[in-house]
Every structure is written in structure tokens, then in C-alpha cells.
Amino acid sequence: MPINTDSSCGQASIAKWELSNAGTAKVTITGKVDVYSLGDVWSRIREQQDAWLKTSGQHQLTFDASAVSSFDGAGIAFLIDIEKVQQAAGGTFTLIGLDPRYEPLLKEFDPISNLFPVPAAKPQRSFVVSTGIAAQNLLDDIHGLVSFTGHLAADLFWSLRHPNQVRWGDFVNAAVQAGIAALPIVGLVAFLIGVILSFQAAIGMQQFGAVSFVGPLAALGIVREMGPLITAILLAGRSSAAFAAEIGTMTVNSEVDALVTGGLSPIRFLVVPRVLAGILVAPILTLYADVISVIASMFTMLIYGIPFINFYNGMLSAVDVEDIGSGLIKATLFGIVISAMGCLRGMQTGTGAAAVGISATRAVVSSIVMIVLVDGIFAFISYKTGF
Amino acid sequence: MTALNSSTFAVDVQNLTVGYGSNVLMQDLNFTVNIGEIFVILGGSGCGKSSLLKNLFGLYQPLAGNVLIEGQNITTAQGAERQKIMTSFGVMYQQGALFGSMNLLENVTLFMEEYTDLSQDQMNLLARCKLDLVGLLPYETYMPSEISGGMQKRAAIARAMALDPKILFLDEPSAGLDPITSADLDSTIQDLSKNLGITFIIVSHELASIYAIADKVIMLDKGAKGIIAEGDPKVLRDTSQDPRVHQFFNRIMSKDAA
């Protein structure tokens, strides 16, 4: 039965399966044999071969390639497949009429059994082993974090004593990228948070006829908590990921290795300028977010009939300089944590393009976890000391 | 169906100007590559060899001129026609450009999955043949990041051959390979060219490899913004009067040449 498929190049390859007697079969293939025309032919010849090999007795197969007009790598793979199946079943395989120019290529694959590797069984990990590995990974991560913190602290002090050796160009770039470029998004989010916070508070306070207290409440909440927190989360999303991707790409390209072998500390070279930028930028952005948020709150309260002057006076009675200072100190710590986590994850990047993406993701997640952790510690200290 | 392969040239370059915006690297290039030929593009670092290659296979649009691949104009082709031309050749990039999230076998089978109706087993066998040709059969399950740079290059050649294209563009295939692997690769290229009639267009600096395999070379020069020599590399080495060509083929240092 001739098997015919459409070829993209006009001449279809045709394969014919003939059974002269129960033990002797012949495959004749004609035309142009290429990877596009072979799919169907290959599968159907193999089906017939498999069915034939299941019958008992001798299996002598002749493969006639004398009418092939052109052959490519796929054609050779087809030949090899048929031969391999014959061998596996204990039959014989005879190739006739192959154009001699294809023979060197066929020889390249000798012995063909190499092309059919026995799939190795995947090592199974027991629950205990995988738990152990996970625990080890966690310990390694903590160890990396502690050692990184130590190095970073040492290099930051070193920079204080040698300010001329800090890479101020990198610092300015990082500060512009993390700071000035973030003004629009921080402003927008701060404004919306100010509006939402005031509306939500007003809905509740209205029930007790205490709408006039919304102003002081919102302002205090913004200055102490919301301003630093939303700024930090935006910075984590923007800058921490950017630092991780930047340093991660450098790690993948061996640029970090080049610094180390050049006797330079990658922490001093790459991390210190970025952490300094974080220290500068985070409190400034927070202050900016505070102002925008409070203004948004003032406008919102106008809807509830609270004039600006009342809002202002209420705010002055509730918010001290200490509150603003507490928020800004927290923001500074957030800034350090965000840039440091971004840089750490960047330096921990593995190999390959996907590793950079993983590092950026880890940087954002770890930054946010650390922000919440620092915030929690800060809240506890505030509660204990009243600051 | 259009009269395919009516052209006698694998690649026909007509008045090609290569560059980026106002920065012209090569002006008014004209050359042809015969079917089944091993054609090598030479030239000093930074003269625009890789850029020319990217113009030839249609990744970049040339500033002017046309490139015909098997008689079809890739410069003006659009949509399905362009895609069809694109599948008629394979490309190996300088850095390998393997897909990092796939192992070597999957890297090679990816294009087969898209363009053929072979079964998974058939594709795997075919991909193993390709990997065997470049000596990477034992590494089929390795990820690109787990093998060396030279191995990545060879795997990239295997991937370029996945669909058995009639034309292969190789950007510095033997740079960074050890001499034995490099010689093996040369012999594979010659076998494929001689036996399957595959045309190779190769950017290379490796003189030993060029003498061994090239049927024809063109030499580009940054200052001349064009081809300064064309022909058999051994003939050029022995007879060229051009000092730049003489210098290149005889490895003379730049300060000694003048």
C-alpha cells in the first residue's frame, strides 16, 4: 500500500510496504525525503513493521532507497529507526540502493544503539531527605543573610572613613532611578491612599458624630505608618527588583567575578552606593508621600464640611515632630533593607536568563517580608518607649 | 506553487548597505553564494561581519539593497512568505543563544514541534542524530547553563540543523573550541556540505579552519566599507597584493605591516 503525504516542496515522498512471504518484507521509498514530508510515512511504515514483527518466524527486511531523489538528516533518522527496530526484534535489515554520498553520514551514527539511550531511573527523594535539604537551604539562606549584613556593615563604615573612595556616580544614578523616577507613582498612590483612608475613617466616625476627628486620625496614621509603608512597598517593587536584576545580570555575565579577581569587593563596589542611595531616597520619598497624602485627606474632608483650617488645627494638635521623625527613621531603615535585599538577591543569582527573573522576584518578596518585620519591631519599640 | 530553487545561488546579495541609522558599516556589497558551497566571511573585529550576517538572514533590515535566499527576496518579503524563507535556513548565534529553560534535546526539538508532524519519539531520535553530529549525544538532558561555552556553541549548531535546512548561517562556530573539537566540527561541516548539499555561510577568524573548509571567502574591511578580497583563501594568502589581505592571512602584527 503506497503511503503518500503532501510535501511543502512539490515532490512527495512515497513509501511502499510489501510482504513477499511471511518472513520477508520490503520497504521501498521514493521521491524527496525530508523532515516535512516524513511524519506520516515514518509512523505508518513503523506501524506495519511492528505488526509484522509480532508474527512468529523469521523477519528479513529489505530497505530499497534506490528511487530516492534526495535525502536529508530526517531520512537518515528514519532509516536508523527502522534498522534499530529490526535489530531489537532479532530480525535482519538490508539496505540497498542508497546513494553512496549518504553513506559517510550514516557512518557518523555508528553504532546506532548510542542513539537509543536507556532512560535512567530518576532518583527518588524520601520525605526525610527533602525535608533535610529544605532545612539546609533555609540555614544557608540565613547564613548568607548574616554574612552579607556583616560585610555590608563593615563596608559602610569603611565608606564613612574613606568617602572619596565611594562610587558617587553609581550612587547618583541609583538615587535618580530609585528616587526622582519614582515621584509620579509614589505621588499617585499616596494621594489615593489619603483619599481612601479619610473616606473609610469618615464613614465610621460619622456614626459617632466624630467626623472632625478624622483629620487628626488620618494625619497621624499617614505620618507614622501609611506614608513610610506605601513608599517602602513601592520602592521594593521598583528599586529592589531593579537592583536585583542589574546585579543579577552582572553575576550571570561574570562581571561580579571579574571584580573579585580584580581584588575589589563587590559589596563596596556595587552594594554600598545603592544602599546609600536607599538611605537618602527612602525618607525623602516618604516625606513627599506624607505631604501628598495629608493634602488628599484635607480635600476629602472638605466633602464632609470640614474646612482646611479646622483640619490643620486638628492635625497640629495630634501630630508632633516626633511622629514625623519616627516615620522618617522607619523609612530610612526600610530604605536600607530594600536596597540591601535587592543587592543580596542579585548577588545570589544562579546561571542562565531565568535566574535573573527569579532573583528579581525573590528580591521583592524578601524586601516586603523584611519591611513588615522591621515595622513590627519598630511598633514594639514604640509601644515600650512611647516614641 | 512558485518555481522554487530556480535560482542557481543559495544567497544572492545585491547592492547591500549595512549599518545602523546614519552609521554605515558596509556600502554597496555584491556577492553570491553557490548552492552547497562553504562560504566564509572574514574581517577584523568590529568591521561589521556579524551585522552583515544578521542582514543576510533578515534579522535586521538593510539600509539599502536586497538579499535573495534561494531566489526569494527576504528583504521585502512579509508575513507567511517571510516565515517560509525563514524556515529554509538555520542560524547559530555567536553566543549560542540556547533557550535556558530547556535541556539540549528540547532545544533541538522545539522547532520540529512547530513545523513538522513527527511524533515525539521520532523528533527525539532526529534531535539525537543532530546532537551526535556535534558530539553532544551524552549531554542531551543537560541544561545549557550546565555545559561549557564551546559545548553551547555546538548545541546551537545542532539546533540550527533541526529542520535540515539547506542553508546554515554560523557566527564564529569554532571560536573558543579546542583544536580537536574544532577539527571534528570542520569535518562535520564538510560532510554535510558534500553529502547533503547544505550551503554554509560562516563568519570566522580561525585561519586553520578557514583553509581546511572554505570554498570561497570574502574579506571585509572597515576603512574600505566593503569587500577587499574574494576567492579561495589559499590563493589569496599566496598571491594577494593587497597589504591588508596579506597581513590578515599571514598573521602579521599591525605595527609591522606599514
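**Two sheets, a helical face and a chain contact**

In this predicted model, chain B contains an open sheet of four strands, which follow one another in the order E2-E1-E4-E5 with antiparallel pairing. Strand E2 (23–34) and strand E5 (72–73) of chain B occupy the edges, and because each of them has a single partner strand, one side of each is left without a neighbour in the sheet. Within this sheet, strand E1 (residues 9–20) of chain B is joined to E2(B) by eight bridges, the two strands running antiparallel, and Tyr20(B) stands opposite Asn23(B) in E2(B). Helix H1 (residues 49–56) of chain B lies across E1, E2 and strand E4 (64–69) of that chain, and the direction in which H1(B) runs makes an angle of about 125° with E1(B).

Chain B also holds an open sheet of six strands, in which the order is E6-E7-E8-E3-E9-E10 and the pairing is mixed. Its edge strands are strand E6 (89–92) and E10 of chain B, each of which pairs on one side only, and from one strand to the next the twist averages 15°. Beginning at the E6 edge, E6(B) and strand E7 (residues 167–171) of chain B pair in the parallel sense over four bridges, with Leu168(B) in E7(B) as the bridge partner of Gly90(B).

Towards the other end of the strand order, strand E3 (residues 38–43) of chain B runs parallel to E9(B), to which five bridges join it; here Leu42(B) has Met219(B) of E9(B) as its bridge partner. Strand E9 (residues 216–221) of chain B is itself mostly covered, since five of its six residues are buried. E9(B) is joined by five bridges to strand E10 (residues 226–231) of chain B, this time in the antiparallel sense, and the bridge partner of Ile218(B) in E10(B) is Glu230(B). E9(B) and E10(B) form a hairpin with four residues between them, and in the turn Lys225(B) has a positive phi of about 50°.

A closer look at one residue of the E6 edge strand is useful here. Met92(B) lies in strand E6 of chain B, and what makes it count as buried is the presence of 24 C-beta neighbours inside 10 Å, where 20 or more are required. Leaving aside residues up to four places away in sequence, Met92(B) touches Ala156(B), Ile157(B), Ala160(B), Leu170(B), Asp171(B) and Pro173(B). Asp178(B), by comparison, is 86 residues from Met92(B) in sequence and 18 Å from it in space, C-alpha to C-alpha.

Among the helices of chain B, helix H3 (residues 104–115) has as its buried residues Leu104(B), Leu105(B), Asn107(B), Val108(B), Thr109(B) and Met112(B). These buried residues of H3(B) pack against H4 and helix H5 (149–160) of chain B.

Helix H4 of chain B leads on to the contact between the chains, where 26 residues of chain B are in contact with 29 residues of chain A. On the chain B side, the elements that give two or more residues are helix H4 (120–133) and helix H6 (179–196), and H4(B) gives the most, with eight residues. The residues on the side of chain B that touches chain A divide into 13 nonpolar, seven polar and six charged.

In chain A, strand E4 (residues 60–71) and strand E5 (residues 92–96) pair in the parallel sense over five bridges, and Asp64(A) stands opposite Ile96(A) in E5(A). Together with helix H2 (residues 73–88) of chain A, the strands E4(A) and E5(A) make a right-handed β-α-β unit.

Further along chain A, the buried residues of helix H10 (residues 308–318) are Phe311(A), Gly314(A) and Met315(A). They lie on the same side of H10(A) because they cover an arc of only 100° around the axis. An α-helix has 3.6 residues a turn, so residues three or four places apart point the same way. The buried residues of H10(A) pack against helix H7 (214–252) and helix H9 (266–303) of chain A, whereas the face of H10(A) turned away from its buried side carries the exposed residues Ile309(A), Leu316(A) and Ser317(A).

Definitions and conventions:
Residues numbered from 1 in each chain as written. Chains lettered and ligands numbered in written order. Predicted model: local features only at pLDDT ≥ 70, side-chain atom pairs only at ≥ 80, totals over all residues. Contact = placed C-beta atoms within 7 Å. Nonpolar A, V, L, I, M, F, W, Y, C, P; charged D, E, K, R; others polar. Buried ≥ 20, exposed ≤ 12 C-beta atoms within 10 Å, placed from the backbone. Pairing = 2+ DSSP bridges. Arc of directions from axis to C-beta. Axes fitted to C-alpha atoms, helices over the stretch in contact; angles between N-to-C directions. Right-handed = clockwise from strand over helix to strand, strands pointing away.
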